[in-house]
Amino acid sequence: MNRSSFDGPPAAAATTNSHMPGWANKRFLGWCIYLVILCAAFALPLREFATYTAHSDVHSYVLLIPFVTAYLIYIRWRQLSGELTTSWGPAVVLAAVGFGALFASQHFASLGRNDHMTLIALSFVCFTITGVFLFLAAKWARSAMFPLFFLAFMIPLPEIAVDTLEEASKQASAEVASWLFLITGTPFLRSETMFQLPGITITVAKECSGIRSTLVLIVTSLLAANMFLRATWRRALLVAAVIPLGLLRNALRILVISLLCVHIGPHMINSVIHRRGGPVFFALSLIPLFAMLWLLRRQEIKQQYRPGDQEVLGVDRVKQQSSV
């Protein structure tokens, strides 16, 4: 594996944006002004969106997404393309989707509040990326592909998707919990998502699905994989590990609460561990995720400095010097 793939972009590419002509700077300034006007036009919907998501049981994390996207663009600024034009095709398509979502959000009275916010966010994101293609064009968008893709997490999931994921997570978490009961030797009788334990009967409800924590884990794993890993298969492996990790976290929480109810008393079902223990179990789930990230990153570093790669790199340098 070539060492240069880990050392970042070559010097010429790394300074692409450091000596931009005046017209290019004007295009960036135009995009910034466009974003200010866009935010002003969406001021009332964005205020409603912020209020809703801040109190949402599922989507409270979306308010951080624009700031993370801005930070990703900032740290990769020198790697972004300096060839700025206008790409009308993608801009028109995205603008059409944005107008369609905005129209639907205002004229479909049967929409629930969550789906209304989904359409508002979809429209805003589409118009934001429309400005990218109008002022910066396709080459710049390709060089900033991940930050722009990451902005899609600002869009709340539709209600039907949330209900489907919650139900699937509830059923799967109950299945994993039953395995943990067997491993710990806890006597129980199970009927789908209901567990009859000594002295108490526990039902795994949708609120126990942990869908918000799982979504945050997915976002975190994608961000960490993109920033610290280079191989596509390693990135995919880290993100794929989130699903079983999330189910194990939910099942562990069910097990802990159940054992407390069995060995201490049924009143533990109303304890702070049940009502407010979600962040604690989420933090615990980050430990294996970051441990896996560390192992994958360590493998890449080892491959980066393999002796065979150094010899190949040395031969390449000799060939380049001789050709000069």
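This passage describes how two helices pack in a predicted model and how its nonpolar cores are built.

A good place to start is the pair formed by helix H3 (residues 43–54) and helix H6 (residues 113–135), whose axes come within 10 Å and cross at roughly 130°. Angles of 65 to 115 degrees count as roughly perpendicular and those over 145 as roughly antiparallel; H3 and H6 are therefore oblique to each other. Their crossing is left-handed. On the H3 side, the contact is made by Pro45, Leu46, Glu48, Phe49 and Tyr52, which meet Arg113, Asn114, His116, Met117, Ile120, Ala121 and Phe124 of H6. Sorted by class, this contact has eight nonpolar, two polar and two charged residues.

Both helices also contribute to the largest nonpolar core, which holds 42 residues. Within this core, Ile65, Val132, Leu136, Trp140 and Met154 touch the most other members. Two or more residues each are given by helix H2 (22–41), H3, helix H4 (65–75), helix H5 (88–107), H6, helix H7 (137–143), helix H8 (145–150) and helix H10 (211–228). The largest share, nine residues, comes from H6.

Met154 is worth a closer look. Leaving aside residues up to four places away in sequence, Met154 touches Leu46, Phe49, Val62, Ile65, Pro66, Ala121, Phe124 and Val125. Among these partners, Leu46, Phe49, Ala121 and Phe124 also take part in the contact of H3 with H6. Apart from the largest core lies another core, of 18 residues, including Leu180, Leu197, Ile200 and Ile202.

Note on methods. Residues numbered from 1 in each chain as written. Predicted model: local features only at pLDDT ≥ 70, side-chain atom pairs only at ≥ 80, totals over all residues. Heavy atoms only, no water. Axes fitted to C-alpha atoms, helices over the stretch in contact; angles between N-to-C directions. Helix = DSSP H or I, 4+ residues; strand = E, 2+ residues; numbered from the N terminus. Parallel < 35°, antiparallel > 145°, perpendicular 65-115°, else oblique. Left-handed = near helix turned anticlockwise from the far one by under 90°. Contact = heavy atoms within 4.5 Å. Nonpolar A, V, L, I, M, F, W, Y, C, P; charged D, E, K, R; others polar. Core = buried A, V, L, I, M, F, W, Y, C linked by side-chain atoms within 4.5 Å. Buried < 20%, exposed > 50% of the residue type's maximum accessible area, 1.4 Å probe, protein only.
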